[in-house]
Structure formats: structure tokens, C-alpha cells
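Trainee: I'm new to this one and a bit lost. Could you give me a close look at one part, the salt bridges and whatever surrounds them?

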Amino acid sequence: MTQKLFSELGLSPEVQKAVERMGFEQASPIQAEAIPRLLEGRDVIGQSQTGSGKTAAFGIPAVELADPSSRAVQVLMLCPTRELASQVAEEISKLATFKKGVRELPIFGGQSYEHQFRGLKAAPQIVIGTPGRLIDHINQGTLKLDQVKMVVLDEADRMLDMGFRDDIEKILEAVPTERQTVLFSATVPPPIRKIIERFTSNPVTVRIEATALNVPAIEQSYAEVDFRSKTEVLCRLLDLHDVRYGLIFGFTKIQVDQLTETLVARGYSADKLHGDMTQVMRERVMKRFRERKIELLVATDVAARGLDVDDLEIVFNYELPHDAEDYVHRIGRTGRAGKSGKAISLVSGREFGRLQQIIRFTKARITRISVPRLEELEEKHANRLVESLHNTIQSGEFKRHDKLLEDLIEAGHAPGEIVSALMHLLAGESVRAPERIPEDDPRQQRRPPRQRPLDGPAPRRDSGFEERPRAGRSRDSAPRQFDGPGPRVDETGVWLKFNIGENAGVAPGDFVGCIANEAEVPRTVIGGIRILATVSFVQVAAEFADHIMNVLRGVKLRGRAITVMPGLPPRRDFGSKRG
């Protein structure tokens with residue numbers, strides 16, 4: 001496919017300037033093929049994967065089409081999720097920077113209607129929204145579509161999978177017949193074909209094969225593990241690769257909750273993203289992840305759609321998706337713009353059929369890797385330590401301790417013995433030796449676990465893995481307890497009582513995420529967490545207690561409004577239903 005510069009696509013000076021400001025020079029394949037046809041006024045059916053630049057492919061023609069002198073909606077864009085709608089609106093805003101008078105407005109569930117009413121009264125030319133909320137505004141008469149000149153369906157197959165077919169058809173019936181229709185979809189199943197036949201006019205199809213884009217630049221591999229061993233294997237891989245910016249895909253909301261809770265308890269900088277979280281919390285999590293205030297984001301497929309991040313080091317598939325194309329969407333978030341990336345999948349016995357489907361679909365080489373052994377992790381830590389020492393010596397930026405060294409030598413210790421002892425101490429600190437923290441303590445930091453047999457079914461012989469017992473509720477009636485994601489808050493901490501407990505399905509990670517994100521406080525101010533049947537108790541640093549109580553009142557957790565007040569957990573009879 002011929003490569004083109006944006007300057008060759010016939011863009012207006014205002015849009016060209018915006019594109020240059022965004023740092024783009026060469027158009028991606030989907031942009032080079034779609035933009036000229038859209039500028040000609042043609043209907044376009046585009047097939048391409050996430051990360052291929054499709055937002056700009058339809059966003060640039062949309063901004064070019066918008067007339068700033070008209071105070072009517074001229075471009076309508078439909079997206080399957082809030083996150084994707086928000087991302088598309090953000091990109092449209094950047095593309096329209098120098099086209100004065102062109103406004104965009106995202107409309108989706110989770111925002112207040114009053115906020116959206118005000119936005120619509122400001123007369124945006126481009127509206128980006130989810131089908132359900134757009135239908136609400138159409139029915140209320142607050143969204144007028146009689147002057148729409150372009151309709152864009154982004155990720156149309158996903159919208160149909162999510163049950164939006166009727167809403168999409170109603171919206172397309174509500175806009176003028178004489179309009180430009182743009183449809184982007186990873187696949188074109190029969191329902192999509194019917195929409196194309198009914199609502200487009202002589203469309204041109206632009207197809208970019210998924211395997212021709214990002215997949216070849218990604219180092220793909222999988223580890224064969226027992227299902228119960230996945231969390232432990234994931235932690236070993238995180239340590240082995242020293243991950244500082246990665247995305248982990250879980251299959252269900254519950255799985256994401258549990259995995260995030262475990263990672264945080266083990267000392268990783270992690271947070272979660274799924275559909276049960278409030279929009280405010282989701283946006284804050286995504287903002288913190290983009291700003292690299294979070295190292296690891298655990299997400300479901302639906303919640304992560306529209307999450308656009310740069311320089312992502314690695315993507316982990318905690319569980320493989322059922323759809324091979326979802327796999328392409330997942331791993332396409334790393335290895336972007338020609339950069340290298342990694343994708344590692346944890347595959348248990350029941351998932352090997354899915355893995356074979358993925359290999360056939362992507363035609364990519366997905367190599368098998370072994371589970372890291374303790375010796376490998378220790379060697380990795382030692383090598384990092386040696387490299388760090390070497391760099392420090394080379395830089396000369398360190399305080400000399402010649403007198404201390406002389407004292408040790410005079411005491412009869414050989415220089416080699418002194419260096420070995422120091423290396424031993426430093427390596428012990430870096431890997432957090434098992435003797436320092438009890439095996440069943442949930443506050444275990446980023447270190448390889450002590451080798452011990454599994455409590456459940458054994459893994460395959462060649463997995464090289466033994467798992468520690470999973471932390472959490474024991475067989476007796478004790479409440480779930482958690483010592484906090486950071487240094488434990490000491491006895492001066494304040495206990496707060498929440499009106500929600502285990503019966504509502506809350507987990508320690510829910511409280512950690514809610515407090516840290518809503519109150520915008522470091523996670524290290526959170527201490528012990530005790531969850532009873534109908535109430536829960538969370539210990540926080542005293543200086544933050546009042547702020548946390550004020551901020552959290554009325555915030556929803558697991559769909560329930562929180563009430564929070566000072567209160568001590570019961571000393572005994574932790575299994576009591578009393579609050």
C-alpha cells in the first residue's frame with residue numbers, strides 16, 4: 001500500500017496545522033485510504049483494528065465538513081462505550097483546534113442530563129455519543145438531527161453485540177436521507193451488512209487486514225499454567241519483565257476485582273476498570289493510568305475499549321477472549337507506531353482451543369514460554385543490582401565510605417567477603433526474602449514466593465511452578481481482613497465505618513480504589529480493612545480522616561450510596577452480623 005503524507009491528502013490549512021501540532025506527518029494505511037474518499041463525499045465502510053488511526057480517518061473529514069457559521073448539529077458519531085465516546089471527542093477537539101467556531105460535545109450515560117442540556121444549547125456542530133443516551137435526547141426533543149450531513153458508526157459490530165441494533169436503526173431513520181454515512185467495524189457480519197444495504201448509498205469499502213498492522217511488531221507468547229496458578233504466574237512474569245506500564249485483561253468484572261485486589265495486596269501499583277464502576281471513578285482511573293501514576297491497569301474488554309495510551313510496554317491476557325478479534329484488539333494497544341511491544345497470555349487447559357483459533361486468525365507466531373523459576377527471578381534481581389552498582393560507580397555520584405571499609409578490613413574481613421556480604425544484604429532487600437514477611441501475610445511485596453506445594457490440583461509437570469495459598473477468607477466465620485496496600489497505618493490511625501459489607505459483594509480492593517480515587521489520597525494512607533456482613537471498617541491515617549468522610553458521603557459503591565462515620569470494628573466475634 002502506497003504511503004502518503006497528510007500534506008498530500010488535500011486538507012485545509014486549519015486542519016493541516018492541527019495535524020502537525022499533534023505530531024502526525026505520515027498517514028496510516030486506513031487514513032490514507034479513507035480520508036480522500038470521505039472528503040469526496042462518498043459513503044465509506046472501513047475495516048481496521050484498534051490503534052490503526054481510524055478515529056482520525058473519520059475525524060478529519062468530519063471537522064472539514066463542519067460549518068462553524070451554522071449553530072446546528074451537522075455530524076453525529078455513535079460509539080459503543082462511554083470511554084470510546086470520550087476518547088473520540090478528545091481527538092475531535094484537537095483536530096478542530098484551529099477551525100474557530102467548531103465545537104464538539106460527547107453525550108453518554110453516567111453524565112447528568114443537565115450538563116448535556118447545557119452543552120446542546122451551546123450549539124455544537126459535532127456530537128459524539130452512545131446510542132442509548134442519544135435516543136433519550138432525541139425522544140426529549142433536546143437533540144435535533146434535521147441538519148445532519150454525516151453519520152459515523154464507530155465499532156459498529158460492538159454496538160450490535162451490546163444490543164444497540166434497534167437504537168442505531170432509529171437514529172439512522174431520524175437523520176436526513178441525503179447524508180454521508182461512515183461505518184467502521186472490525187468485522188462485517190450479516191446484521192452489519194443489512195445496515196449497510198439499508199442506510200448507505202454506493203459505499204466504498206476500505207479494508208486493512210488486522211495482521212498487516214500492529215501484530216508483527218509485537219512479541220507474542222503464552223505460558224501454559226494450571227487455572228488456579230494464574231495469579232502467581234502473572235506476578236512472576238511481572239517481576240521477571242520488571243513491568244512499569246502494562247495492561248492486564250480479565251474476562252469478567254469479578255475476576256478483575258479479585259485480581260486487582262491481590263496485586264495491590266502484594267505491593268504492585270495497580271487499579272481496575274470495569275463497567276460496574278461509576279463514570280467519575282472510571283475517568284479518574286484512566287487519567288491516572290495515562291499519566292503513569294498507575295503501573296498496571298486490570299480491565300475488562302468492554303471497559304478498556306477507547307482506552308488509548310502510548311508506549312504501553314506489555315499486555316497480559318489473564319484469560320484468553322472467546323473471539324480471536326478481541327485478542328487482536330487487546331494486544332494492539334502495545335507495539336504502536338512501529339514500536340516493539342510484548343503480549344503474554346496465560347493459557348489453561350480449557351483455553352487451548354481458543355489459542356489455536358487466535359493463531360489461525362492472526363497467522364502470527366505465538367511462542368510458548370516456561371513459567372519463571374525462583375532461580376531466574378533471583379538472577380534477574382542480582383543482574384539489576386550489579387548494573388545499578390556499575391552505573392553508580394561510573395557516574396561517581398556517591399558518597400565514599402573509605403573509613404568504614406578500612407575499619408572492616410582492620411577487623412579481619414577480606415575485601416571480597418565485605419563486598420559479598422553487602423551484595424547479599426542489598427539483594428535480600430530487593431527481592432524481599434521470605435523470612436522477612438510471613439508466607440500468609442497479604443502485604444507481601446514484589447518478590448518471588450517461597451516454593452511450596454499447591455493446595456489444589458497440581459499444575460503440569462513442565463510448568464515449574466508451585467503456588468502459595470490464596471489470601472482471603474478462611475474456612476471459619478471471620479470477616480475478610482486486609483492490611484492495606486502500603487505501609488500499615490499504625491495505632492494512631494482512625495477507623496471509619498461504612499454502611500456496606502460482604503452481603504453487597506464488596507472486596508478490600510473496592511474500598512482502596514474508592515478512597516484513593518474519590519478522595520485523591522495516596523494509597524499508603526489506608527491501613528487495615530475488615531469486612532463484615534452488612535458493614536465494613538477501614539483504617540486511615542488520622543490527618544486524612546475528615547477529608548475522606550466529607551468526600552465519600554453520597555458516593556456510590558457497588559450501586560449503593562455510601563455513608564461513612566468514625567467507628568471501631570468489634571474486637572471479637574468478627575463473624576457477627578451486627579454493625
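Mentor: Let's settle one word before anything else: a residue is buried with under 20% relative accessible area, exposed with over 50%, and partly exposed in between (1.4 Å probe, protein chains only). What you're looking at is a predicted model, where local features need pLDDT of at least 70 and side-chain atom pairs count only at pLDDT 80 or more, while totals for chains, interfaces and linings use all residues. Residues are numbered from 1 along each chain as its sequence is written, and side-chain values use heavy atoms, with hydrogens and water left out.

Now, the setting. The chain has 579 residues, and 52% of them count as buried. Its secondary structure comes to 20 helices and 21 strands, which are DSSP runs numbered from the N terminus (H or I, at least four residues, for helices; E, at least two, for strands).

On to your salt bridges. The term stands for a side-chain nitrogen of Lys or Arg within 4 Å of a carboxyl oxygen of Asp or Glu, and a search of the whole structure finds 23 of them. Let's start with the side chains of Glu169 and Arg198, which meet at 3.8 Å, N to O. Glu169 sits in helix 8 and Arg198 in helix 9, so this bridge ties together parts that are 29 residues apart in sequence. The two ends have their own surroundings: Glu169 is buried at 16% relative accessibility, while Arg198 is partly exposed at 48%. The pair isn't on its own, either. Arg165, Glu169, Glu173 and Arg198 are joined into one network by salt bridges that share partners.

It's worth staying with helix 9 for a moment, to see what else it does. This helix covers residues 190-199, and its buried residues are Ile192, Ile195, Ile196 and Phe199. Seen down the helix axis, those buried residues fall within an arc of 100°, so they line one face; the arc is that of the directions from the axis to the C-beta atoms. Turned away from that side is a face carrying the exposed residues Lys194 and Glu197. The buried residues, meanwhile, pack against helix 8 (165-174), the helix that holds Glu169, and also against helix 7 (156-161), strand 1 (44-47), strand 5 (150-153) and strand 6 (180-184). Contact here means heavy atoms within 4.5 Å. Helix 8 and helix 9 are therefore joined by a bridge between Glu169 and Arg198, and helix 8 is also among the elements that the buried residues of helix 9 pack against.

Next, move along the chain to Asp257 and Lys272, whose side chains meet at 2.8 Å, N to O. Asp257 belongs to helix 11 (residues 253-265) and Lys272 to strand 10 (residues 270-273), and the two are 15 residues apart. Asp257 has 6% relative accessibility and counts as buried. Lys272 is buried too, with a relative accessible area of 6%.

Helix 11 has something else to show you. Leu263 is one of the residues with the most contacts inside the largest nonpolar core, a group of 64 residues where Leu234, Ile248, Phe316, Phe498 and Phe511 are also on that list. Such a core is a set of buried Ala, Val, Leu, Ile, Met, Phe, Trp, Tyr and Cys residues joined through side-chain atoms within 4.5 Å. The largest share of this one, five residues, comes from helix 10 (residues 230-240). Leave aside residues up to four places away in sequence, and Leu263 touches Leu234, Cys235, Leu238, Ile248, Tyr268, Ala270 and Val298. Nonpolar side chains tend to be buried together in soluble globular proteins.

One more pair to look at: Glu319 and Arg354, with side chains meeting at 3.7 Å, N to O. Glu319 lies in the loop between strand 12 (314-317) and helix 14 (324-331), and Arg354 lies in helix 15 (residues 352-362), 35 residues away in sequence. Both partners are buried. If you want a neighbour to find on screen, Phe316 from the list of core residues with the most contacts falls in the range of strand 12, just before that loop.

To pull it together, try tracing the three bridges in turn. Glu169 to Arg198 runs from helix 8 to helix 9, Asp257 to Lys272 from helix 11 to strand 10, and Glu319 to Arg354 from a loop to helix 15.
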